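Colleague: Got a minute to walk me through this one? I'd like to get my bearings before I do anything with it.

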Amino acid sequence: MLRSRLFLAVLVGMLIIAVVAGCGSQPAAKEPAGQEKKGQTTAEEYPNRPIQLIVSYAAGGGTDVGARLLTPYLEKKLGQPVTVVNITGGGGWVGWTQLAHAKPDGYTIGYINIPNMIIGYLDPAMKRKENLESFAPIANHVLDYTVFAVRKDSRFKNIDELIDYAKEHPGELSATSTGVGSDEHISLLEIERKTGAKFQMVQTKGFAECLTQVLGGHVDVLLGNVGEVVGPARNGDIRVLAVMSEERSEYLPDVPTLKEKGIDVISFAARGIAAPAGVPQEIIDKLAEAIQEAIENPEHKKKMEELGLALKYMHGEEYQNFLKAQEQRIRDLMGW
Amino acid sequence: MELTLLQVIKHVFSFQCLIAMAIGVVGGIVVGALPGLTATMGVALLVPVTFGMDPAAGILMLMAIYTSAIYGGSMSAILLHTPGTPASAATAIDGYALTQQGQAGTAIRVSTYSSMVGGLISSFFLLLLAPPLSMISLKFGPPEYFLLALFGLSVISSLTSGSLVKGLISAVFGLLLGTIGVDVNTGFPRFTFGITSLESGVSLVPAMIGLFSLSQVFIMSETAREEKHREANAIRDWRFFPSLSEIKALKNTVLRSSIIGVIIGMLPGAGGDIASWVGYNEAKRFSKHPEKFGHGAIEGVAGPEAANNAVTGGALIPLFTLGIPGSATAAVLLGGLMIHGLIPGRELFTKYAEITYTAMVGFIFANIFIGIAGMLLARYVTYVTRVPARVLAPSIVALCVIGSFAIGNNMFDVWTMVFFGGVGYLMRKYGFHPAPVVLGLILGPMAELGFRQSLLLAKGSIVSYYLSRPISVVLLVLIVASLISPVILERRMQAKANA
């Protein structure tokens, strides 16, 4: 009897642990109900309670790591906890849908990933109700450029050789992409359109799989982002042939840009923070300012540098225009 | 820089590393034992905690959580038929059968020592053979993953201790469920009915929790009135050390499963959930009395248990050498490494050799600690079988709900779990085992992706593409052999009987 009592106690303890583990990242979500009655928080008072930051991908992924490195500085500036909540599924859209439909009070914000999110609502097959108007973009955080790479012992020593070969032998070279609608996918479409080269695109479930396929010699060309290829490139496992940026990447100074080579393709995975549409402009400005300060913090800069992630702060009209330009680019490329 | 073994051992036994290991092992077992809180989540939750730690201790803690969560998942699988992680679903079959026969102590003992040995073997592979093995893991391309998935599906025949047809029906149901979600090649949403959450497919963990755990609650509630027999489940068979006869009976199974676990672990596209089924299947194939499987065979516990813990060391092999995570949990660990500025690859073994080797050697000790901690806990944990159903059932339901929500902070996952709880209950009532459904759900998408990618890469005849790759040929032979061997064996048995 005593033993089963003891066991009950342990069981209850386990339940509590589970609740804490399961909902530890969730307290902000439940709070609005209680706060509602107290009336709207005015912009001057904002923020007077914890803010929830939705990351639409799993914990430990690129977006998540970047978010967790940013939040301590946001908290310092805003004076309130900023909790990362990973809401996963639907290729990011479970989280984005929740963000779009969250209460527009500035206490729920989230990461938006470009181009994946734009493709997600433009694709007519998905029949989504949300679009760019559903969000109030606050500021951009990371701009990770797309790169072309090959295995270290590949016969292609530079990007010209590769593109020329793909022009002469259309569809013979295979290239990885981290999924339909990823920056790799649309950049390759754009390159094909602008150069007349043709690749056999192999869609995968993520960059780890792409890297394996190329290192194992199953696929010829690796498409990825600077932050992902810096490590394997430093190891000498792969050779990066070109970066799809305006200027050379600080992490890969010896690698030419596609633009230098006369192919005008700029491609990247951009991660920024947005609120649901309808959040008062003062709150957006306040958040943008906090994000700017966090991004410019030397400690944060150093951490991001170690990860090979390029910071790019954009806000207000600049960020809006950037998003609209990306939307237009994707419409043109996909024919939507 | 000369790095001596002594230096490394000293570091491993430093205060911070020991504390990190202890937290990792005990925390991991608890996280693992709770359904829905998987090894991946345990590691993800603690990555931020390692920020301020000594890097070696931090990495070691994450590694310890990984392997002990996989072990912890089996405790609840054995005692309550509620696998704590997908990797321990296979253990539930024979482990729970043993519990029902009042042999929970034996099942836990076998599981603990098999897990420990599997983990130990894999940690030695990681320490001594990581670079060459990672080269082998790269040889697996789309065709090999397709064939590996097919090989995994051949396990179904051994899961169906009853009717083969029912097993196949369950598996096909699982495979069909696996077709739900966005088509990887074209991006078209298949069978999603406009539900965003279905776009990434039926979530595996909530489905598994429903099929195994919630359905178990329903069954438990049915028999709640016949409480009396629970008292009989006293663990008279508790013993700290395994008996000689157990060691003798299991050593081959554990060794075989450990090797299987290491190999599957180091493949980036396959992890513990697959390895445990293959380990189970091979244990049955080589068993002298395969008819006992499904009715409480200790090899049926040792097989998957050694395999799923051996996966952990295996999954870290390509992670440390190439930066390619060998499993979902290893992917989160990669984030942990990067945050400490440790970029996987050559530098880990030169510039950061002390950290790396401390973590690897520490991993060996962490596995030993799992054995000790597991056995110390086991004595008390087995009392769960004596807790009355009226307490246990609602507790498991609460854990099921929290666990499926915690996976993605998404209510839809909870409804998924409830739906599969109903499905699982009905299936079990009518003599279908839920295991093949889970297997189909895991292997279906893997087979599809591999096959469709290889169609794109084949350039010409798909048959000659497959036959031109040595590992593909080996896998093909294995598949054919595994399908034909039961028939041949049966013929031979009949011939013998007739003679």
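Modeller: Sure. One term before the rest: the domain bounds I'll use come from an automatic or database domain assignment. Also, this is a predicted model.

Colleague: Okay, so which domains does chain A have?

Modeller: Chain A is divided into domain 1, made of 49–144 + 269–334, and domain 2, which is 145–268.

Colleague: And how far apart are the C-alpha centres of domain 1 and domain 2 of chain A?

Modeller: Those C-alpha centres lie 26 Å apart. As for contacts, 15 residues of domain 1 of chain A meet 14 residues of domain 2 of chain A.

Colleague: Which elements supply the domain 1 side of that?

Modeller: At least two residues each come from α5 (116–122), β4 (135–151), β9 (268–276) and α12 (316–334) of chain A. The largest share is from α5(A), with 3 residues. By class, that side has 10 nonpolar, 4 polar and 1 charged residues.

Colleague: Step back a bit. How many helices and strands are in chain A?

Modeller: Chain A has 12 helices and 10 strands. Of its 336 residues, 54% count as buried. And if you take contacts in chain A between residues at least 6 apart in sequence, 75% of them join residues at least 24 apart.

Colleague: Switching topic: how many residues of chain A are in contact with chain B?

Modeller: On the chain A side 55 residues, in contact with 60 residues of chain B. The elements of chain A giving two or more residues there include α1 (2–23), α3 (62–78), β2 (82–86) and α4 (93–100). α1(A) provides the largest share, 12 residues.

Colleague: What's the class split on that side of chain A?

Modeller: The side of chain A that touches chain B has 25 nonpolar, 21 polar and 9 charged residues.

Colleague: What about the largest nonpolar core, how many residues has it?

Modeller: It has 274 residues, and those with the most contacts inside it are Ile138(A) and Leu60(B). Helix α4 (residues 55–80) of chain B gives the most to this core, with 18 residues. From chain A, the core draws at least three residues from each of domain 1 and domain 2.

Colleague: Which residues does Leu60(B) touch?

Modeller: Leaving out residues up to four places away in sequence, Leu60(B) touches Cys17(B), Ala20(B), Met21(B) and Gly24(B), and also Ala359(B), Gly362(B), Phe363(B) and Ala366(B).

Colleague: Great, thanks.

Definitions and conventions. Residues are numbered from 1 along each chain as its sequence is written. Chains are lettered from A and ligands numbered from 1 in the order in which they are written. This is a predicted model: local features need pLDDT of at least 70, side-chain atom pairs count only at pLDDT 80 or more; totals for chains, interfaces and linings use all residues. Helices (H or I, at least four residues) and strands (E, at least two) are DSSP runs, numbered from the N terminus. A residue is buried if 20 or more other C-beta atoms lie within 10 Å of its own, exposed if 12 or fewer, and partly exposed in between; C-beta atoms are placed from the backbone. Two residues are in contact if their C-beta atoms, placed from the backbone, lie within 7 Å. Ala, Val, Leu, Ile, Met, Phe, Trp, Tyr, Cys and Pro count as nonpolar, Asp, Glu, Lys and Arg as charged, and the others, Gly among them, as polar. A nonpolar core is a set of buried Ala, Val, Leu, Ile, Met, Phe, Trp, Tyr and Cys residues joined through C-beta atoms within 7 Å.
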